[in-house]
Amino acid sequence: MSGPRQVSRYFNIDELGCRHCGRMEFPEAFLLELDALREEFDGPIYVNSGYRCKQHPEEAQKASPGAHNRCAIDARVSGGLAHELLAVALRRGWTGIGVQQRGPV
């Protein structure tokens with residue numbers, strides 16, 4: 001029995017796929033940058049929300065698809081790691097990353 005299908009070096013379809021339909025249509029360039037972010041952060045990045053199809057309930061309410069339909073994730077981190085992840089993301093030129101702090105990961 002095999003595990004979830006890897007879509008990049010560090011992430012699989014269960015982590016990044018749409019919670020509505022299961023698809024994941026992030027561009028290869030975004031997946032490479034996400035892996036580079038993970039590599040420079042030097043620790044796991046737990047994804048709360050990855051790709052969202054246009055029919056995803058949150059996307060369907062919008063006039064046009066949002067960032068999660070193109071190139072965005074929400075990450076769950078704890079304490080000071082949030083500052084570290086954001087610092088790495090900013091150094092790498094990221095303009096949007098959602099970070100949720102809800103206790104230890």
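**Entry 1: strand β1 and V47**

Strands are DSSP runs of E at least two residues in length, numbered from the N terminus, and with that in mind I looked up V47, which I found in strand β1. I note here that what I am reading is a predicted model. Is V47 buried or exposed? I found a relative accessible area of 10% for V47, and because buried means under 20%, I wrote V47 down as buried. Setting aside the neighbours within four places in sequence, I listed F11, E15, L16, R19, I73 and D74 as the contacts of V47. I then checked one of these partners, I73, and saw that V47 and I73 are 26 residues apart in sequence, while their C-alpha atoms are 6.7 Å apart in space.

**Entry 2: the nonpolar core**

I wanted to know where the nonpolar side chains gather. In soluble globular proteins, nonpolar side chains tend to be buried together. The largest nonpolar core in this model has 24 residues, and I noted L16, M24, F26, L34, L37, I45 and I73 as the ones with the most contacts inside it. Helices α1 (13–16), α2 and α4 each supply at least two residues of this core. Which helix gives the most to the core? I found that α2 does, with five residues.

From that list I picked I45 and, leaving aside its neighbours within four places in sequence, I recorded contacts with F11, E15, L37, R38, I73, A75 and L85.

**Entry 3: how α2 meets α4**

Two packed helices are described by the angle between their axes and the distance between the axes. I therefore looked up both for helix α2 (residues 28–41) and helix α4 (residues 80–91), whose axes come within 10 Å and cross at roughly 130°. That angle makes α2 oblique to α4, and I entered the crossing of α2 and α4 as right-handed.

Which residues meet here? On the α2 side I found L37, E40 and F41, and these meet L81, E84, L85, V88, A89 and R91 in α4. Sorting the residues of this contact by type, I had six nonpolar, no polar and three charged.

I followed A89 further, since A89 has its place in helix α4. With 2% relative accessibility, A89 counts as buried. Not counting residues up to four places away in sequence, A89 touches L37, W94 and I97. I also noted that A89 and F41 are 48 residues apart in sequence, with 8.5 Å between their C-alpha atoms.

**Entry 4: the loop after α2**

Next I turned to D42, which has its place in the loop between α2 and β1 (46–49). Phi of D42 is near 60°, and I marked this as a positive value in a residue other than glycine. D42 has a relative accessible area of 67%, so I wrote it down as exposed.

**Entry 5: the loop between α1 and α2**

In the loop between α1 and α2 I looked up G17 and R23. At 4% relative accessibility, G17 counts as buried, whereas R23 is partly exposed, with a relative accessible area of 37%.

What does each of them touch, once residues up to four places away in sequence are not counted? For G17 I listed G22, R23, M24 and Y51, and for R23 I listed G17, C18, Y51 and C53.

I added two C-alpha distances to this entry. G17 and S49, which are 32 residues apart in sequence, are 8.4 Å apart in space, and R23 and R52, which are 29 residues apart along the chain, are separated by 8.2 Å.

**Entry 6: E59 in helix α3**

Last I looked up E59, which lies in helix α3 (residues 57–60). Is E59 buried or exposed? I found a relative accessible area of 3%, so E59 is buried. Glu counts as charged, and I made a note to keep that beside the value for E59. Leaving aside its neighbours within four places in sequence, I found E59 in contact with R52, C53, K54, P65, G66, H68 and N69.

Key. Residues numbered from 1 in each chain as written. Predicted model: local features only at pLDDT ≥ 70, side-chain atom pairs only at ≥ 80, totals over all residues. Heavy atoms only, no water. Axes fitted to C-alpha atoms, helices over the stretch in contact; angles between N-to-C directions. Helix = DSSP H or I, 4+ residues; strand = E, 2+ residues; numbered from the N terminus. Parallel < 35°, antiparallel > 145°, perpendicular 65-115°, else oblique. Left-handed = near helix turned anticlockwise from the far one by under 90°. Contact = heavy atoms within 4.5 Å. Core = buried A, V, L, I, M, F, W, Y, C linked by side-chain atoms within 4.5 Å. Buried < 20%, exposed > 50% of the residue type's maximum accessible area, 1.4 Å probe, protein only.
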